[in-house]
Amino acid sequence: MRHYLRRYPKLSNSTTTAVTATRRQYATKYTAKVTSTSPTGRSLSAEVTPPPPLPSDIRGYPLPRHDLICKATRILLRQSPHSTSDPFSDLSDYLGGLSISLTPSEASEILKSLNSPRLALRFFQFCPSLSPGFRHDSFTYTRLLLILSKSTSPDRLGLVRSVLAEMERCGVRGTISTVNILIGLFGHSQDLDTCLGLVKKWDLKMNSYTYKCLLQAYLRSHDSSRALETYREMRRRGYKLDIFAYNMLLHALAKDEKVDQAYKIFQDMRRKHCEPDEFTYTILIRMNGKSGKADESLALFHEMITKGFAPNLIAYNTMIQALARNNMVERAVFVFSKMVEQNCRPNEFTYSVILNALVVEGRLGRLDEVVELSNRYMTKSIYAYLVRTLSKLGHASEAHRLFCNMWSFHDKGDREACISMLESLCSAGKTTEAMDLLSKIHEKGITPDTIMYNTVFSALGKSKQVSHLHELYEKMKRDGPLPDIFTYNILIASFGRAGKVDEAVKLFEELENSDCKPDIITYNSLINCLGKNGDLDEAHMRFKEMQEKGLSPDVVTYSTLIECFGKTEKVEMACRLFDEMLAEGCYPNIVTYNILLDCLERCGRTAEAVDLYSKLKQQGLTPDSITYAVLERLQSGSHRKVRVRRQSPITGWVVSPLR
């Protein structure tokens, strides 16, 4: 019980004080009569009347003055852009004019009304200056900590620690609510140990909510071992968890593969009359599936249904995934059929799990059955996802069949699915089907773009189908879209690969007259085309032209020309280009060294080849099988001219004479 005592000091050396008791016997009220005597003998008396006492409840605690709280809050929250005064000065003037001071409970209510953690902290720090006798108590500290705990500021933990340090300096003991707030805020073991230290220091008793907060804090910090210890401690003290906390603990234990502990918690959960829900069962089904216990997952799934729970999408997906992981494809498809029967719509993850299981088991033919089972849920996006996935897995025929099915059932097409289908057909060498798809794609509301055309151009070029290249390019120029730099590069390389030098040169000139301009790859393709088809002088001229236009030749450019000169036995020119390459700061790669080594070895310039090999090692390059093959010929003195050639990954042309 608090006692409130208000005293008024003696005002002169002549004071008569009358004491009367208040209606409450445990308090004293003072009134005063002040008498002053002047040098002339005249006296003046004044009776001092104290201000009315603060309103209090039946226990004697002062009640917060709501009018004062509202006015103070309005002053602090004043947001007038034209105001130049400080709201804290205005609040001080307001309280000073009333000759009253705030109580801690009123300060707590004002803190609660402030909408900014920073403003609340500033007001908290300002309160002691309003009255010399003001002292924050555990309630105001707890209120501020609660406000700071909800802040999104990155330094909120630092602010909370500073408030705790101030509590320590002022000797204020917090309550168990203070500790609960701190546990809910902190997520690291060191801070949680600090919270437990405060419980002991403040001589507090942890309640059920404290244990629950502590358990969840350990789980947030991924410390399932200490969370389990906390659970056991609270069970010894007779406290219970709710279903949400149980599920959190089970999920953490399952994630850490602590299967036995998770089952013990599950059994304890049942004994303590906390019935598992669908999330509980889903956690355990996933845990057993990952542990290779698919039969136990099925038993739990059946128990969940028996208890009246309707499995949701996550539960079905978890069960199907558990079966698929354990190579139980038939049962996975069966559960999928039940899922559809219960009007639970599958999503992309559902189909991906079944699709991967069918691929692993070599039973991709059953995909048609899965599609048929869920026909009413087969949206365009699901079809597109399956087409993309099958294409990436290299199953072009199955992807094409499914794509044709999507084509028949949906008026609008899916751009990503079309691109995936084109890439899949081209990778499989089915260029006729790819061209047919490209010609009909507009029927599904999709406008062909340069990416689609370039995909088909690249496939036609690799298979040297020159007539189809001409046909498709003419269609592109006629119907759109406009070719881009990648289109020209692909076509020039493709015509060059087929030995169609005139067409390649014509395309290069067309490119120069278009909005696009040749780049390094364009010149590399043209130089490769000219050099490999016998027009070495023109190739070298294009090399000079490239430099004049400000394009710096790269390692592919030099390697191509060095090979071309080497094959025509112009070894001096090849060596001169190699030296120029080094002078320009373009470092040769292992392919360049192999080309020049082969050239020198075939011409019998053994000493120069050995010196070149030394440079290769000095540059830090690792010799490959081609390098060692050349070295072997150098040692044996054999100058065979039979070569297995490989293609450049950029231009598609030969840049190395050996493999």
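Helices here are DSSP runs of H or I with at least four residues, numbered from the N terminus. The model shown in every view is predicted.

**Figure 1. The loop between helix H24 and helix H25 holds Pro-481.** Helix H24 covers 466-479, and helix H25 covers residues 485-497. Within the loop that joins H24 to H25 lies Pro-481. The peptide bond leading from Gly-480 into Pro-481 is cis, and its omega is near 0°. Pro-481 is also one of the residues that Thr-450 touches.

**Figure 2. Helix H25 is mostly covered.** Of the 13 residues in H25, eleven are buried. Among them are Ile-485, Thr-487, Tyr-488, Asn-489, Leu-491 and Ile-492. Ala-493, Ser-494, Phe-495, Gly-496 and Arg-497 of H25 are buried too. At 1.5 Å a residue, H25 should span 18 Å, and its end C-alpha atoms are 18 Å apart, so the two values agree.

**Figure 3. The two ends of helix H25 are shown with Asp-484 and Gly-499.** Asp-484 caps the N-terminal end of H25. A side-chain oxygen of Asp-484 lies 3.2 Å from the backbone nitrogen of Phe-486. Just after H25 comes Gly-499, whose phi is positive, at about 80°.

**Figure 4. Thr-450 of helix H23 touches residues far along the chain from Thr-450, including Met-476 and Asp-484.** Thr-450 is located in helix H23, which covers residues 450-462. With a relative accessibility of 17%, Thr-450 counts as buried, because the cut-off is under 20%. Leaving aside residues up to four places away in sequence, Thr-450 touches Met-476, Pro-481, Leu-482 and Asp-484. Thr-450 and Thr-487 are 37 residues apart along the chain, and their C-alpha atoms are separated by 7.5 Å.

**Figure 5. Helix H5 is mostly covered.** Nine of the twelve residues in H5 are buried. These are Ser-138, Thr-140, Tyr-141, Thr-142, Leu-144, Leu-145, Ile-147, Leu-148 and Ser-149. The cover over the buried residues of H5 includes helix H3 (104-113), helix H4 (117-126), helix H6 (156-170) and helix H7 (176-185). At the N-terminal end, Asp-137 caps H5, with a side-chain oxygen 3.1 Å from the backbone nitrogen of Phe-139. The twelve residues of H5 should span 16 Å at 1.5 Å a residue, and the end C-alpha atoms are 16 Å apart, which agrees.

**Figure 6. Thr-140 is a buried residue of helix H5.** H5 runs over residues 138-149. Thr-140 has a relative accessible area of 0%, so this residue is buried. Not counting residues up to four places away in sequence, Thr-140 touches Pro-104, Ala-107, Ser-108, Leu-111 and Phe-124.

**Figure 7. Two residues other than glycine, Glu-257 and Asn-343, have a positive phi.** Glu-257 sits in the loop between helix H11 (243-255) and helix H12 (259-271). Phi of Glu-257 is near 60°. At 64% relative accessibility, Glu-257 is exposed, because the cut-off is over 50%. Asn-343 belongs to the loop that joins helix H16 (329-341) to helix H17 (348-360). Its phi is about 60°. Asn-343, at 55% relative accessibility, also counts as exposed.

**Figure 8. The largest nonpolar core holds 195 residues.** Phe-123, Leu-386 and Val-456 touch the most other members of this core. Helix H31 (residues 590-602) gives the largest share, eight residues. Domain 1 (55-76 + 88-172) and domain 2 (552-636) both contribute residues, so the core lies between them. Apart from residues up to four places away in sequence, Val-456 touches Leu-422, Cys-426, Ala-434, Met-435, Leu-438 and Leu-472. In soluble globular proteins, nonpolar side chains tend to be buried together.

**Figure 9. The protein chain, shown as context for the close-ups, has 33 helices and five strands.** Of the 659 residues in the chain, 47% are buried. Among contacts with a separation of 6 or more, 60% join residues 24 or more positions apart. The accessible surface of the chain comes to about 34,400 Å², and 52% of this surface belongs to carbon and sulfur atoms.

Note on methods
Residues are numbered from 1 along each chain as its sequence is written. This is a predicted model: local features need pLDDT of at least 70, side-chain atom pairs count only at pLDDT 80 or more; totals for chains, interfaces and linings use all residues. Side-chain values use heavy atoms; hydrogens and water are left out. A nonpolar core is a set of buried Ala, Val, Leu, Ile, Met, Phe, Trp, Tyr and Cys residues joined through side-chain atoms within 4.5 Å. Buried means under 20% relative accessible area, exposed over 50%, partly exposed in between (1.4 Å probe, protein chains only). Domain bounds come from an automatic or database domain assignment. Contact means heavy atoms within 4.5 Å. Accessible areas come from the Shrake-Rupley method with a 1.4 Å probe; for residues, only the protein chains shown count as cover. The expected span of a helix is 1.5 Å times one less than its number of residues. A polar contact is a pair of N or O atoms within 3.5 Å; within protein, one must be able to donate a hydrogen and the other to accept it, and residues adjacent in sequence count only if both atoms are side-chain atoms.
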